[in-house]
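Q: I'm new to this structure and would like a close look at a single part of it. Could you walk me through one helix and what surrounds it, then show me a few other spots for context?

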Amino acid sequence: MKVFVTGVGGQLGHDIVNELIGRGIQAVGSDLAPVYSGVADGSYVTTAPYVQLDITDEKAVMQVLTQVRPDAVIHCAAWTAVDAAEDEDKKALVRAINATGTQNIANACRDLDCKLVYISTDYVFNGLGNTPWEPDCKDYAPLNVYGQTKLEGELAVSNTLTKYFIVRIAWVFGLNGKNFIKTMLSLGQKYDTLRVVCDQIGTPTYTLDLSRLLADMVQTEKYGYYHATNEGGYISWYDFACEIFKQAGLPTKVTPVTTAEYGLSKAARPFNSRLDKSKLTQMGFTPLPAWQDALSRYLKELEK
């Protein structure tokens, strides 16, 4: 089996390539940079075949995928800077990457008759209430540009293909790039007290754990919509920060504040990011480990 992975310079793409190659599955990575530009941690991804690709270039996408001829594409490339996406001078680019770029990938997969795994987000929902969102729910109402363009990407996939997996994740952390844990650790070493929002509820997703699920999934034909975050119960960002400092052994005090009290953000955030993941078990997939365990393993990785 050959799998083409977009966005390997990011957190998830990096781990997916490593997971695939570790299983003996041929993987080809791609991103915008001329050469792989992610963390050089001695892993498979640093030596895997790499192709420079701008997913907004329709002809380039078709040309590259026709040359590679993968059995499946795992599409991780996306604009993920949520606040910056709200800037008027950025909106067209965000849509070009998240929506048009995904349509280009979907078109190529259709023409080549290969599977597509599209990585989406809880931000496609309106974040209201406290009931976990089910994967097949169609009550879309994104609160911001990022969520809207990721939804447009979902629709591009579902309207173009039959052999697809749409996997929504949330609160992502991995070795490559920035994330909440890295930010908390950095701020915790500078300040005695931090304010963290306590009214946005969800669960974190460790890319290393997610990559194992996606590698399992892409080898099946159990197509459809899925939700995949770590187990361990729903928490707030405040709860997450407290556990980060506890496990890291930092004395930083965390003060809970509401989203309104915190302010600052350009983009509206969903209060309810609870994702119902029961479909994974129903379809025979192994759920991700508890987020507390994932955090412990991740902190050890950061120390290496």
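**A close look at helix α2**

A: Let's start right at the end of the helix: just after α2, R69 takes a positive phi of about 50°. That's a positive value in a residue other than glycine, and R69 sits in the loop between α2 and β4. Keep in mind as we go that this is a predicted model.

Now step back into the helix itself, which covers residues 58-68. Which of its residues are buried? They are A60, V61, V64, L65 and V68. These five cover an arc of only 115° around the axis, which puts them on the same side of α2. There's a simple bit of helix geometry to have in mind here: an α-helix has 3.6 residues a turn, so residues three or four places apart point the same way. Turn to the other side of α2 and you find E58, K59 and Q67, which are exposed.

So what does the buried side lean on? The buried residues of α2 pack against four strands, β1 (2-6), β2 (26-31), β3 (50-52) and β4 (72-75), along with the helix α3 (91-112). At the start of α2 there's a nice detail as well: a side-chain oxygen of D57 comes to within 3.2 Å of the backbone nitrogen of K59.

The link to α3 can be followed through one residue, L112, which has its place in that helix. Leaving out residues up to four places away in sequence, L112 touches L65, T66 and R69. You've already met L65 as one of the buried residues of α2, and R69 as the residue with the positive phi just after the helix. L112 is itself buried, with a relative accessible area of 15%. For a sense of scale, L112 and N230 are 118 residues apart in sequence and 33 Å apart in space, going from C-alpha to C-alpha.

That's the part you asked about; here are the other spots. R69 has a counterpart in W171, which also isn't a glycine and has a positive phi of about 50°. W171 is found in the loop between β6 (164-169) and β7 (172-173), and W171 is buried, with a relative accessible area of 10%.

Next, have a look at H227, in strand β11 (residues 224-227). H227 is buried, with a relative accessible area of 1%. Setting aside neighbours within four places in sequence, H227 is in contact with F125, W133, E134, P135, R168, L275, D276, K277 and L280. Two of the polar links are easy to pick out on screen. A polar atom of the H227 side chain lies 3.0 Å from the backbone oxygen of W133, and the side chain of H227 makes a polar contact with the side chain of R168, at 2.9 Å. The chain comes back on itself here: H227 and P132 are 95 residues apart along the chain, yet their C-alpha atoms are separated by 10 Å.

W133 also leads you to N126, which lies in the loop between β5 (115-121) and α4 (145-160). Not counting residues up to four places away in sequence, N126 touches W133, A141 and L143. A polar atom of the N126 side chain also lies 2.9 Å from the backbone nitrogen of L128.

From there, move to D209 in helix α6 (residues 207-218). At 4% relative accessibility, D209 counts as buried. Its contacts, again without residues up to four places away in sequence, are N230, L288, P289, A294 and R297.

Finally, here's a pair of helices to set beside α2. Helix α5 (residues 180-188) and helix α10 (residues 291-303) pack at an angle of about 65°, with their axes 12 Å apart. Their crossing is right-handed. On the α5 side, I181, K182 and L185 do the meeting, and their partners in α10 are L295, Y298, L299 and L302. The residues of this contact divide into six nonpolar, no polar and one charged.

Notes
Residues are numbered from 1 along each chain as its sequence is written. This is a predicted model: local features need pLDDT of at least 70, side-chain atom pairs count only at pLDDT 80 or more; totals for chains, interfaces and linings use all residues. Side-chain values use heavy atoms; hydrogens and water are left out. Axes are lines fitted to C-alpha atoms, for helices over the stretch in contact, and angles run from 0 to 180 degrees between N-to-C directions. Helices (H or I, at least four residues) and strands (E, at least two) are DSSP runs, numbered from the N terminus. A crossing is left-handed if the near helix is turned anticlockwise from the far one by less than a right angle, and right-handed if clockwise. Contact means heavy atoms within 4.5 Å. Ala, Val, Leu, Ile, Met, Phe, Trp, Tyr, Cys and Pro count as nonpolar, Asp, Glu, Lys and Arg as charged, and the others, Gly among them, as polar. Buried means under 20% relative accessible area, exposed over 50%, partly exposed in between (1.4 Å probe, protein chains only). The arc is that of the directions from the helix axis to the C-beta atoms. A polar contact is a pair of N or O atoms within 3.5 Å; within protein, one must be able to donate a hydrogen and the other to accept it, and residues adjacent in sequence count only if both atoms are side-chain atoms.
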